[in-house]
Amino acid sequence: MAECGGVDSSRSGHTMDKSITLPPDEIFRNLENAKRFAIDIGGSLTKLAYYSTVQHKVAKVRSFDHTAKEAASDKLYEISVQEEVTARLHFIKFENAYIETCLDFIRDHLVNTGTKVIKATGGGAHKFKELIEKKLGLKVDKEDEMTCLIKGCNFVLKNIPHEAFVYARHADSEFRFQTTNPDIFPYLLINIGSGVSIVKVESEDKFERIGGSSIGGGTFWGLGALLTKTKRFDELLQLASKGQHTSVDMLVKDIYGGSYGCLGLTGDLIASSFGKSATADKEFSKEDMAKSLLHMISNDIGQLACLYAKLHNLTRVYFGGFFIRGHPVTMHTITYSINFFTKGEVQALFLRHEGYLGAIGAFLKGAEEDNPNQYSWGENYAGSSGLMSVSPDMNPMQRARSGTFDMLEMDRLERQLVNLPLLQDASSYIPDTVDLIEDAPAREYWLKCFEETLDGVAKRAMASQPDTPEAAMQAERFRHKYRHKLQTLRHQPFAYGSLTVRSLLDTREHCLNEFNFPDPYSKIKEKENDGALKYYQKAVKSLEELSWEDRQFALVRGVLAGNVFDWGAKAVSDVLESDPEFGFEQAKQQLEERPWLVDSYDQWFERLKGPPHKCALFFVDNSGLDIILGVMPFVRELLSRGTQVVLASNSGPALNDVTNGELAILTERIAAMDPVIQAGLNEDRLTLVQSGSSSPCLDLSRLDKVLAMVVRERQTDLVIIEGMGRAIHTNYYARLSCESLKMAVIKNSWLADRLGGKLFSVVFKYEVPHGKASEDSAAPTAS
């Protein structure tokens, strides 16, 4: 969070100084490239949205013409760093007290915006209309508040995987993030503002307000002010968090002396809100009255929500509005109410970015001609502030200070992302193997691990750009930002949704890109690719000399040995840096002997005696020895069996993982040496596709739409996932509707110990979906 000035001691203790400093690189980023604006002004908070174009560096590879003079150096390919422009959405939330200062700042930093209109929504849009038009010189075009809210809700549910969460106040993990169903409709949105609106959302453009109530957030605030003389909403909630409602409320046991068994009512249930105040001859504390009031209103809203959910047969119920605002006491009371009235059949769901929904929707209304919904978007962790702490112990002033400026950034992705069609149940698919929010020892280990390797990553990033004068400064800025992110996650592990090894890796990649280090391992990959190619023909010849049975095992062992070469694993990078001669044969010697830690090789071998697969989808991992001497011979064998092969590689760089651009050049070079690979390409039986990912891990619910289309068209019946990031940190428990093969070498001692193995233990997991095994009767034995 940016420093936004101190408290003005001459005013009330709760009024903040409006003379604030707003560093543009911290808050209003890329303002000079802003193209379109929208604003949502509520009773106390303003949410600003704008679209900008972001110029950043990308690493590109280009194949040399090896028959021409430019190939005289005999380099495999040319690496160039180019400038690329991408679209980004910025959402900023701040208190209304700062609106004039913020508008001045925006006006002073706008350059060639080209836009003449600002879309506005929210109750304050009319109040601040003249101020906005005067300060920015833009015409205010007001949009319907509910339409904007629904559009914003649809957008975050579709584009942010862990947007929704269940709140469990007394659990080890307060936040339980939900996997978003690929089909987000229908759902119920309970918007709790001054009153309550209950909206049934059936599609992108079809929604209906099916009910509501005049008893909402305004009621809590108004009655609370009368009862406690407290005028600030946050202070009222703070009082409620410390109160005991049982001092004021009449419980079932106060009437019956215990539970009311024949009606199934326990003694601790509230029989009458504020019931004791009519008969008790005493003063009640502000805290107790605030708590009783909160329970009364939350229970009323919860019961209404349940009745409408049952009436319309809906199980997904999202809560939003200023009454929620991430406050733990509110979320807890609503959650309790929903659980009670539905007997656990319906969960109360809350949204990480609930406060931005109106601003997002207003922006989308203004950008309809660009059709932003045709793209996929991803949260930029480097520029987003994350979910703030909701500790009830935080006093209102701290809460206001920590939430004064809150940012969300969404980057437009080059490719539209969809589910892998072969997921057995896309709605229950969870990519990550371990949730670090719930697993405290694992969280502590991985945060420490990423902190300890940070200096090495920064050093590698700087070394990747020896001719760039500002590389050292940018590497230091990267180090500072990522360390800050890790510190935030240590205290607020829920900040960006589910905390996993994947999210830690992705956050690091986002921070590297933020400071123009698009591919720190590009030179290493080029060197390793070039070296491995020299041994390809020899490796193939050695395999062909083996018997069919021995060759199948050697091929698997080759993939595993290749997978050892992972610069993302410290145990391996230390070896590769200290011993440049460490090669493919040495890697084979490091592998554990069978039986492996997870060993389904015998079942796989028996399957190979049967009919060939129609098509294998292979998610590849590392450059160099891995892809060239491990994966390609395995692919060659599949092609020889009559199986089509689709090789899926990263769209963008991550560590030393091979990218689609690099793989295309490598495959072309291998095809020139290998008639089997060449025939596969010529006959369209070997296809290279982008995964749509730029991560060392793999989320099968966010893959390139073209890849999904190819998988369907080719009737893919085998999925192979290789590597620790893709097959262990993610997808270890993924269930597919076809056969799958997960292969990895464990290159982390702590993880190996956790799984009951040791460094370089092998995971070879062959799985057949239930009911399919009996269909695959063995064909004649292969020779």
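Which residue in S3 is the bridge partner of Tyr50? That would be His90, and the pair is a handy way into this predicted model. The protein chain has 26 helices and 25 strands, so there is plenty to look at, and this briefing picks out a sheet, two helices and a couple of single residues.

**The whole chain**

- For 783 residues, a compact globule would come out at a radius of gyration near 28 Å, and the protein chain agrees with that at 29 Å.
- If you line the C-alpha trace up with its principal axes, the chain spans about 95 × 70 × 45 Å.
- Buried residues account for 57% of the 783 residues.
- Take the contacts between residues at least 6 apart in sequence: 73% of them join residues at least 24 apart.

**The seven-stranded sheet**

- Follow the strands across this open sheet and you read S5-S4-S1-S2-S3-S16-S15, with mixed pairing.
- Strand S5 (139-142) and strand S15 (377-379) are the edge strands; each has a single partner strand, so one side of each has no neighbour in the sheet.
- From one strand to the next, the twist averages 30 degrees.
- Strand S2 (residues 45-63) and strand S3 (residues 77-95) run antiparallel to each other and are joined by 19 bridges. The Tyr50 and His90 pair from the opening belongs here.
- Helix H2 (residues 129-136) lies across strand S1 (34-41), strand S4 (117-121) and S5. Its direction is at about 140 degrees to that of S5.

**Strand S1 and its two partners**

- S1 is mostly covered, with seven of its eight residues buried.
- On one side, S1 pairs with S2: the two run antiparallel and share seven bridges. They make a hairpin, with three residues between the strands.
- In that pairing, Asp40 sits opposite Lys47 of S2.
- S1 also pairs with S4, this time in the parallel sense, over four bridges. Here Ala38 has Lys119 in S4 as its bridge partner.

**Asn30, just before the sheet**

- Look for Asn30 in the segment before S1.
- Buried or exposed: which is Asn30? Its relative accessible area is 19%, so Asn30 counts as buried, the cut-off being under 20%.
- Setting aside neighbours within four places in sequence, Asn30 is in contact with Tyr50, Ser52, Val54, Arg88 and His90. Tyr50 and His90 are the bridge partners met at the start.

**Helix H13**

- H13 covers residues 471-491, which makes 21 residues, and reaches 30 Å from its first C-alpha to its last, close to the 30 Å expected.
- Its buried residues are Ala471, Gln474, Ala475, Phe478, Tyr482, Lys485, Leu486, Thr488 and Leu489.
- Why do they sit on the same side of H13? They cover an arc of only 160 degrees around the axis, which puts them there.
- The general rule behind such patterns is that an α-helix has 3.6 residues a turn, so residues three or four places apart point the same way.
- The other side of H13 has exposed residues, His480 and His491.
- What covers the buried residues includes helix H11 (440-452), helix H12 (454-463) and helix H14 (501-514).

**Helix H8**

- The 15 residues of helix H8 (residues 328-342) should span 21 Å at 1.5 Å a residue, and the end C-alpha atoms are indeed 21 Å apart.
- Buried residues in H8 include Pro328, Val329, Thr330, Met331 and Thr333. Ile334, Thr335, Ser337, Ile338 and Thr342 are buried too.
- Right after H8 comes Lys343, which has a positive phi, near 55 degrees.

**Arg685, in a loop**

- Arg685 lies in the loop between helix H23 (675-682) and strand S21 (686-690).
- Its relative accessibility is 21%, so Arg685 counts as partly exposed.
- Arg685 and Arg714 are 29 residues apart in sequence, with their C-alpha atoms 9.6 Å apart in space.
- Arg714 is also one of the contacts of Arg685 once neighbours within four places in sequence are left aside. The others are Leu639, Thr643, Gln644, Val645, Ala679 and Gly680.

Terms used. Residues are numbered from 1 along each chain as its sequence is written. This is a predicted model: local features need pLDDT of at least 70, side-chain atom pairs count only at pLDDT 80 or more; totals for chains, interfaces and linings use all residues. Side-chain values use heavy atoms; hydrogens and water are left out. The expected span of a helix is 1.5 Å times one less than its number of residues. Buried means under 20% relative accessible area, exposed over 50%, partly exposed in between (1.4 Å probe, protein chains only). The arc is that of the directions from the helix axis to the C-beta atoms. Contact means heavy atoms within 4.5 Å. Two strands pair if DSSP finds at least two bridges between them. Axes are lines fitted to C-alpha atoms, for helices over the stretch in contact, and angles run from 0 to 180 degrees between N-to-C directions. The radius of gyration is taken over C-alpha atoms; the globule rule is 2.2 Å times the number of residues to the power 0.38.
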